[in-house]
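Work through the exercises below with the sequence and the coordinates open side by side. Each task is followed by a solution that goes step by step.

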Amino acid sequence: MKALLLNSGLGSRMGALTKSLPKCMCQIGYGHTIISWQLEMLRRNGVREAVVTTGPFAGMLEEYILAHESEIEFTFVNNPVYSETNYIYSMYLAKDYLDADILLLHGDLVIDPDVITDLVSEKRSIVTVDSLIPLPEKDFKAKLRDGRIESVGIEFFGEDCVACQPAYKFIYADFQEWMNKIADFCSRGETRVYAENALNNISDKIALYPLELNNRLCNEVDNINDLKWVSNIFKKHYDKWRL
């Protein structure tokens, strides 16, 4: 298995914090940044290869990661047009290195260790959802049908939808179906959309299942308020999670 960590975004909603460093290097507590916590979770779960997409401050991020983690082999893929494209294009640029089952995490996710363990150990393709919380207005939702994921996007609402966070585990064959469709999108110049737009086009070809979070932490940090919120939860549980 390989991890794919998406870190090519601008992080513009973080204000001054991301004027001088990538969002994933923001502190969340006890000496940890978002990315250092993700890497510790990968190492604990035996993931020894990771592909990291980069955008602004690429050199800084590469140096930081290599200085903090020696047990994982990294491949860095820079998106030189990060300000003009969405992560669908970063995934496309990384396609040649994604030749295994894939654990896909957005670089601004702060996650309960048990969630990572559940993702890594699952034998099917899955994405994290939480049916115990209200549907978010602007963030991702997953549309369900017959116990499987039919679509993922910000536009879906209804009784058949649940809140969704961008943490995935894909078996290799399913991920290649997604990557082939991503290549189709990018070849047509559709590089500003979500990668999930391509995923929804092939949902009939793969079996993607929900992994229930049940209120466990798995949240993106989009702005300063998000950072404060996840940092408080992280600090509250750190004594248990660090063991």
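**Exercise 1. Determine how long helix α5 is, and which side of α5 is buried.**

The model is a predicted one, and the solution begins with the dimensions of the helix. Helix α5 runs over residues 172-187, which makes 16 residues, and the distance from its first C-alpha to its last is 22 Å, close to the 22 Å expected at 1.5 Å a residue.

Next, list the residues of α5 that are buried: D174, F175, W178, M179, K181, I182, F185 and C186. These residues lie on the same side of α5, because the arc they cover around the axis is only 165 degrees.

Then ask what lies over them: the cover includes β1, α3 (87-93), β6, β8 (125-130), β11 (161-170) and α6 (195-201). Finally, look just past the helix, where α5 is followed by G189, a residue with a positive phi near 80 degrees.

**Exercise 2. Describe the surroundings of L104.**

Start with the location, which is strand β6, residues 102-106. L104 has a relative accessibility of 1% and therefore counts as buried, the cut-off being under 20%.

Now leave aside the neighbours within four places in sequence; the contacts of L104 are then L4, L6, M91, P166, A167, Y168, F175 and W178. Of these partners, F175 and W178 also appear among the buried residues of α5. As for L4, it is 100 residues away from L104 along the chain, yet the two C-alpha atoms are separated by 4.7 Å.

**Exercise 3. Work out which elements contribute to the largest nonpolar core.**

In soluble globular proteins, nonpolar side chains tend to be buried together. Here the largest nonpolar core has 43 residues, of which L5, I35, L42, I65, L105, V110 and L119 touch the most other members. Two or more residues each are given to this core by β1 (2-7), α1 (34-44), β4 (49-54), α2 (58-68), β6, β7 (109-111), α4 (113-121) and α7 (224-241). The largest share, six residues, comes from α1.

Another core lies apart from this one and has 33 residues, among them Y87, I149, F170 and W178.

**Exercise 4. Why is C161 not bonded to C164?**

Recall that a disulfide is a covalent bond between the sulfur atoms of two cysteines. The closest cysteine sulfur to that of C161 belongs to C164 and is 10 Å away, so the gap is too far for a bond. The structure as a whole holds zero disulfides. As a last step, check the accessibility: C161 is buried, with a relative accessible area of 8%, and C186 is buried as well, at 11%.

Terms used:
Residues are numbered from 1 along each chain as its sequence is written. This is a predicted model: local features need pLDDT of at least 70, side-chain atom pairs count only at pLDDT 80 or more; totals for chains, interfaces and linings use all residues. Side-chain values use heavy atoms; hydrogens and water are left out. Helices (H or I, at least four residues) and strands (E, at least two) are DSSP runs, numbered from the N terminus. Buried means under 20% relative accessible area, exposed over 50%, partly exposed in between (1.4 Å probe, protein chains only). Contact means heavy atoms within 4.5 Å. A nonpolar core is a set of buried Ala, Val, Leu, Ile, Met, Phe, Trp, Tyr and Cys residues joined through side-chain atoms within 4.5 Å. A disulfide is a pair of cysteine sulfur atoms within 2.5 Å. The expected span of a helix is 1.5 Å times one less than its number of residues. The arc is that of the directions from the helix axis to the C-beta atoms.
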